[in-house]
Amino acid sequence: MKSRWNDAEAANYTSDLQQRVYTSRLLGRDQELVMHGGGNTSVKITQENVFGEPEEILYVKGSGWDLATIEAPGFAPVRMDAMLRLAKLDELSDSEMANQLKCSMINASAPGPSVESILHAILPYTFVDHTHANALISVCNTPNGEEKVRDIFGDTVIMIPYIMPGFKLARYCADAYPAQVNANMVGMVLMNHGLFTFADTAKDAYEKMIDMTDRLEQYLMQHDAWQIAIPDIYANQESTDRRLELAQLRHDLSALAGKPMILRTDDSPHSLHFTNHPEVARISQQGTATPDHIIRTKRVPMIGRDLVAYQTAYEQYFAENDPLWPQDLTMLDPAPRVILDPELGMIAVGDSIKAANISRDIYGHTIDMILRAEKLDSFRSLSAAELFEVEYWELEQAKLKKGGSAPVLTGEVAVVTGAASGIGKACAETLLQRGAAVIGLDISASVTDVSSNAAYLGLVCDLTDEASIGAALEEGVKMFGGVDMVVLNAGIFPSSQQIKDLTTDAWRRSMDINLDANLFLMRALHPLLKLAPRGGKVAIIGTKNIPAPGPGAGAYSAAKAALNQLARVAAMEWAADGIRVNVVHPNGVFDTGIWTDEILQTRAEAYGLTTEQYKTRNLMGVEVTSYDVAAIVADLCGPNYAKTTGAQIPIDGGDNRVI
Ligand code: ZN
C-alpha cells in the first residue's frame, strides 16, 4: 500500500478542518481501505462559542457522507466535553447514544455524527483516522487471528477484541486505551472490524494508516497469501444467451423480496473463478468479511438458484437468533443479495442499481479477502449470532429505512427505442426520474450519452437486425436482471411522396423501421415481459396520422397503422401473460431534433401563421412537448393504469379529425 499524500496538493488545504477533508478523501479513494460510506475520520478544533468562550469541538464524519467525496460540511461538529462525559457512563442504549450525539452538535442542520464519535473523542490526538482495511480482515478472520496480528505489530498496537460498534465498543476502548498505551504506539486494531490511527497532524495520522496497512499486506505477501491466481479457463468465458434464466431468477427472487429487484451479473474471470471454486460451499458460507457488510450482502450468499432452500435457511437463522435479543424484531425479507452461480457468475442484488452496485463492490472485495485468508490459513467469520446483532441493530435498520418512500418505478427496468433524441430521450429521462433503470437503444452513437445516471445503459443497436436486438437485450439483462416495460418509439418520417411517385425503397424502409423492427422487438421481449415481477408493460408511440392521415405520408401512415393494429392484437394475446399494451398518439411535438427553427418558420409561413401560432395549432391552443408525451408513457407503465390495456390515447391538444 502506497501513500497518496502530495505536498503540493496538501498545501491547498490550509486549516485543520481542510486538512481533515484532504486526507479523508485520500483514504476514501482506496477501496482496499474503505468502501461505500465505510470508515470515518475526525479532527478536534478549539474555537470560540456564541458566548465568546473557547470550546473544543470534535468534527467527525457525518452519516450519509462518503470519505472519497467528503467536504467540510460533511463533518458533524459535536462538543468534546459532552463526548467525554458520555464515555464515562456505565450504560447507554445505541438509540439514546445517537440522540445524545445529535443533541451535542453546535450546528442543528449538520448531518448526524458517526456512531463511532465517542471512540474518536477518547483518543487524545487532533486527527483520528479509522478504516476497515481489507488486509487486516484477511489476517484476523482466520483461526488464531489475534496471534497473527501480534506477530506483525508486537505491542505497538492497542488490541481490541470484536465488540459491536456503538456505545459498548467506545466504552471498552475508553478503558483499554489508557491501559495499553505506550511510547511506541502506532495505532489500534479492532479485531474483525478495522484500524484506528491517530496523530497531531493530518499527514502523520494518514501515513500511520498507510504504514499499518502496508505491513499487513507485506505479511500476506511473505506468506504467499497475496496473489490470487485466476486460471486461464475463465478468460473469454462470458456467458451468452442467459437472459431468460436471469429474468426467471429475478422474477422468483423479487417475489421473495416482495418488490422488483435489480440483479447485476458479474461473469468476469475473477467472479467465475470463485463461483467454481471447489470449496465454494464452505468458504462462502462462513459469514461476511466485516459485520457492517451484512446489510448489503446478507450473512451468506446463495449458491446456485435454489431460492426455497435459501429462504428456509434464512428463516431458520432468524428463528434461532431472534430470541437472543430483547427487542421485538420483524424479519427482513429472506431474499439473497449475492448469488454465486457456477454458470452465471456472481450476481449482485439490490432494490436499485445503486444498491446492487454496492453489493457487487463489497462482495468482489470479499472474494479477495476470503481467498487470501484461505491461502494464509482458513477463512473464519464472526458467529451467526454476532452478525445477527448487526443485521438487526436498531441503528442499521434506521439507515435502511432512511430516504423516504422510493419513486414509483423503483426496481423496474425499461427498454426505450430511439432513446438518443426527441420523445425517446424524454421517455428515458422521465422513467429514470420515476426510479426505473433504463436500457436506451438507438442507431445513433449518442445514445450512450443520454444520462450519466448509473441506472442508464445506452446501447447502439440496429433495430432492423434481430441479432443486434438479441445482443443488446443480453447486455441489458446482464446489467439489470430483466425487462419490465418497453417504449417502442424509434421511427422515421420519410420525406413527403405522393403514392404515384412513392419509390419501393422508401416504402420498404418505412416498413422496416416503423413496423418490422417493432415486431422483432416485441417477439424478443415477450418472454422477458412475461417474467416482469409486476407484469409487463408496452407503450407504443403512435401518431395522429392513424385516425387522421395526410396526403404525401403514405409510407409512414401505413406502417404506423399496421403497428397500431399489431398492438391491438398484442393487447389481446398478451393479457393472459399479465402484459399490458397501450398506444399514445402524439401530434405537433416540435421540441425534437428534426424541428429546427428554420423548418418551423418555413412551415408556419406556408400556413400564414407565426411560429407560436403554428406550434399551438390545436383545439386547446396549447403546445405539446416531448416531455408531455413521456409523462403519459411513464403513467401508463405505472400502477394507476395497472388494469388498462389496448388503450389509444391522443396527446395533441385536441384535434377535430381525431375526436
Ligand atoms: Zn468501523
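**Close-up 1. The lining of the largest cavity has 3 nonpolar, 5 polar and 2 charged residues.** Welcome to this predicted model; we start in its interior. The lining is made up of Gly-287, Thr-288, Ala-289, His-293, Thr-297, Lys-298, Arg-299, Pro-301, Tyr-363 and Thr-366. The two charged residues here are Lys-298 and Arg-299. What volume does the largest cavity have? About 50 Å³. In total, the model holds 2 cavities of 30 Å³ or more.

**Close-up 2. The second largest cavity has no charged residue in its lining.** Its volume comes to about 40 Å³. Around this cavity you will find Pro-494, Ser-495, Gln-497, Leu-502, Gly-552, Ala-553, Ala-555 and Tyr-556. Of these lining residues, 5 are nonpolar and 3 polar.

**Close-up 3. An open sheet is built from 7 strands with mixed pairing.** To find your way across, follow the order S3-S2-S1-S4-S7-S6-S5. Which strands stand at the edges? They are S3 (75–79) and S5 (157–160); each has a single partner strand, so one side of each is left without a neighbour in the sheet. From one strand to the next, the twist averages 20°.

**Close-up 4. Strands S2 and S3 run antiparallel.** Here we move in on the edge strand S3 and its partner S2, which spans residues 54–61. The two are joined by 5 bridges. One pair to look for is Lys-61, which stands opposite Phe-75 in S3. As a reminder, strands of a sheet pair through backbone hydrogen bonds, in either a parallel or an antiparallel sense.

**Close-up 5. Helix H7 lies across strands S5 and S6.** The view takes in residues 145–153 of H7 together with S6 (187–190) and the edge strand S5 (157–160). At what angle does H7 run to S5? The angle is about 175°.

**Close-up 6. Strand S17 is covered on both faces.** This strand comprises residues 580–586, and 7 of its 7 residues are buried. In a regular strand, side chains alternate between the two faces of the sheet. On one side of S17 are Arg-580, Asn-582, Val-584 and Pro-586, all buried. The other side has Val-581, Val-583 and His-585, which are buried as well.

**Close-up 7. Strands S16 and S17 pair in the parallel sense.** S16 covers residues 537–541, and 5 bridges link this strand to S17. Which residue of S17 is the bridge partner of Ile-540? Val-583 takes that place, and Val-583 is also one of the buried residues of S17.

Conventions. Residues are numbered from 1 along each chain as its sequence is written. This is a predicted model: local features need pLDDT of at least 70, side-chain atom pairs count only at pLDDT 80 or more; totals for chains, interfaces and linings use all residues. Side-chain values use heavy atoms; hydrogens and water are left out. Two strands pair if DSSP finds at least two bridges between them. Helices (H or I, at least four residues) and strands (E, at least two) are DSSP runs, numbered from the N terminus. Axes are lines fitted to C-alpha atoms, for helices over the stretch in contact, and angles run from 0 to 180 degrees between N-to-C directions. Contact means heavy atoms within 4.5 Å. On a 1 Å grid over the protein atoms alone, a cavity is a set of points where a 1.4 Å probe fits but cannot get out, and a pocket is an open set with protein on both sides within 12 Å along at least five of seven lines; lining residues have an atom within 4 Å of a point. Grid points are joined across faces, edges and corners, and a volume is the space filled by probe spheres set on the points. Buried means under 20% relative accessible area, exposed over 50%, partly exposed in between (1.4 Å probe, protein chains only).
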